[in-house]
Each structure stands twice: as C-alpha cells, then as structure tokens.
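Okay, everyone, thanks for coming. Let me put the model up, and then I'll walk you through it.

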Amino acid sequence: MSLQPDTLLELSPLLRMQWEEAQQRYVILYPEGMIELNETAAAILELCDGQHNLTSIVDKLERKYDASGIEPDVREMLESALNNGWIREIIAH
C-alpha cells in the first residue's frame with residue numbers, strides 16, 4: 001500500500017502507544033502482544049494523531065531535530081506502519 005502525502009494519518013484504534021517503564025521506551029500494545037519502538041519510530045508515530053499527514057509530519061520532525069531531507073526515511077517508516085496495520089489513513093469527506 002502506498003502512502004498518500006496529503007492524507008491524514010492516525011494510529012489504528014485497535015492499538016495503543018505508550019511509554020513502558022520496564023523497557024524504557026515507547027511501545028505499541030495490541031491484543032496479542034507488544035512492539036517495542038526505537039526513539040525515531042516513536043517520534044514519527046506520535047504525530048499520527050489524525051491531525052497530520054506525511055508532509056506535516058516531516059516538517060515537524062525537521063524543525064524538532066534541526067534536520068533536512070528526512071522525507072524518504074519517514075515515508076518508508078510510515079508505509080511500513082501502514083502495511084503492518086499500525087496506522088491508517090483518514091479519508092476526508
């Protein structure tokens with residue numbers, strides 16, 4: 001599945017992302033288990049709140065980390081998350 005750059009993204013309603021003290025990292029909880037996230041993945045997925053699209057996520061992360069040219073990496077991570085069912089695209093009506 002290919003990510004549309006202007007489509008809003010949100011975490012799947014079947015999942016929950018939270019800080020897990022025991023692992024000292026963010027995790028995604030789902031009925032069958034848990035996925036541990038690295039800092040970068042957590043920063044990207046935190047912005048999948050139904051208010052941001054790929055373009056705005058990249059913009060916010062570039063400003064936050066004083067970086068540029070990160071769009072290909074962010075796109076790759078988001079497409080993987082989309083294909084794994086961690087996030088979904090919100091279709092505007």
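So, helices H1 and H3: their axes come within 11 Å of each other and cross at roughly 75°. An axis here is a line fitted to C-alpha atoms, for helices over the stretch in contact, with angles taken between N-to-C directions and running from 0 to 180 degrees. That makes H1 and H3 roughly perpendicular, where 65 to 115 degrees earns that label, under 35 is roughly parallel, over 145 roughly antiparallel, and the rest oblique. On the H1 side the contact is made by Ala-41, Ile-44 and Leu-45, and on the H3 side by Val-74, Met-77, Leu-78 and Ala-81. Contact, by the way, means heavy atoms within 4.5 Å. Sorted by type, the residues between H1 and H3 come out as seven nonpolar, no polar and no charged. For that sorting, Ala, Val, Leu, Ile, Met, Phe, Trp, Tyr, Cys and Pro are nonpolar, Asp, Glu, Lys and Arg are charged, and the others, Gly among them, are polar.

Quick housekeeping. This is a predicted model, with local features needing pLDDT of at least 70 and side-chain atom pairs counting only at pLDDT 80 or more, while totals for chains, interfaces and linings use all residues. Residues are numbered from 1 along each chain as its sequence is written, and side-chain values use heavy atoms, with hydrogens and water left out. As for the element names, helices (H or I, at least four residues) and strands (E, at least two) are DSSP runs numbered from the N terminus.

Let's stay with H1. Which of its residues are buried? Ala-41, Ala-42, Ala-43, Ile-44 and Leu-45 are. Buried means under 20% relative accessible area, exposed is over 50%, and partly exposed is in between, using a 1.4 Å probe and protein chains only. The cover over those H1 residues includes E2, E3, helix H2 (54–64), helix H3 (71–83) and strand E6 (87–90). At the N-terminal end of H1, Asn-38 acts as a cap, with a side-chain oxygen 3.1 Å from the backbone nitrogen of Thr-40.

Now zoom in on Leu-45, which sits in H1, residues 39–46. What does Leu-45 touch, leaving out residues up to four places away in sequence? The list is Met-17, Ile-28, Leu-37, Met-77, Ala-81, Trp-86 and Ile-87. Leu-45 is buried, with a relative accessible area of 2%.

Over in helix H2 we have Ile-57, and its relative accessibility is 0%, so Ile-57 counts as buried. Again skipping residues up to four places away in sequence, Ile-57 touches Leu-9, Ile-44, Leu-47, Cys-48, His-52, Val-74 and Leu-78.

On to the sheet. Three strands form an open antiparallel sheet in the order E2-E3-E4. For two strands to pair, DSSP has to find at least two bridges between them. At the edges are strand E2 (16–20) and strand E4 (33–36), each pairing on one side only. From one strand to the next, the twist averages 35°. How many bridges join E3 to E4? Four of them link strand E3, residues 25–30, to its antiparallel partner E4. If you want to follow the register by eye, Val-27 is opposite Glu-36 in E4, and Tyr-30 is opposite Gly-33 in E4. A hairpin of two residues takes you from E3 to E4.

Last stop, the loops. Ser-12 lies between strand E1 (8–11) and E2. Is Ser-12 buried or exposed? Buried, with a relative accessible area of 10%. Beyond residues up to four places away in sequence, Ser-12 touches Gly-85, Trp-86 and Ile-87.

Then there are a couple of phi angles to look at. Gln-24, in the loop between E2 and E3, has phi near 55°, a positive value in a residue other than glycine. Gln-24 is partly exposed, at 48% relative accessibility. Asp-66, in the loop between H2 and H3, has a positive phi too, near 50°, and again the residue is something other than glycine. With a relative accessible area of 73%, Asp-66 is exposed.

That's what I have, so over to you.

Key. A polar contact is a pair of N or O atoms within 3.5 Å; within protein, one must be able to donate a hydrogen and the other to accept it, and residues adjacent in sequence count only if both atoms are side-chain atoms.
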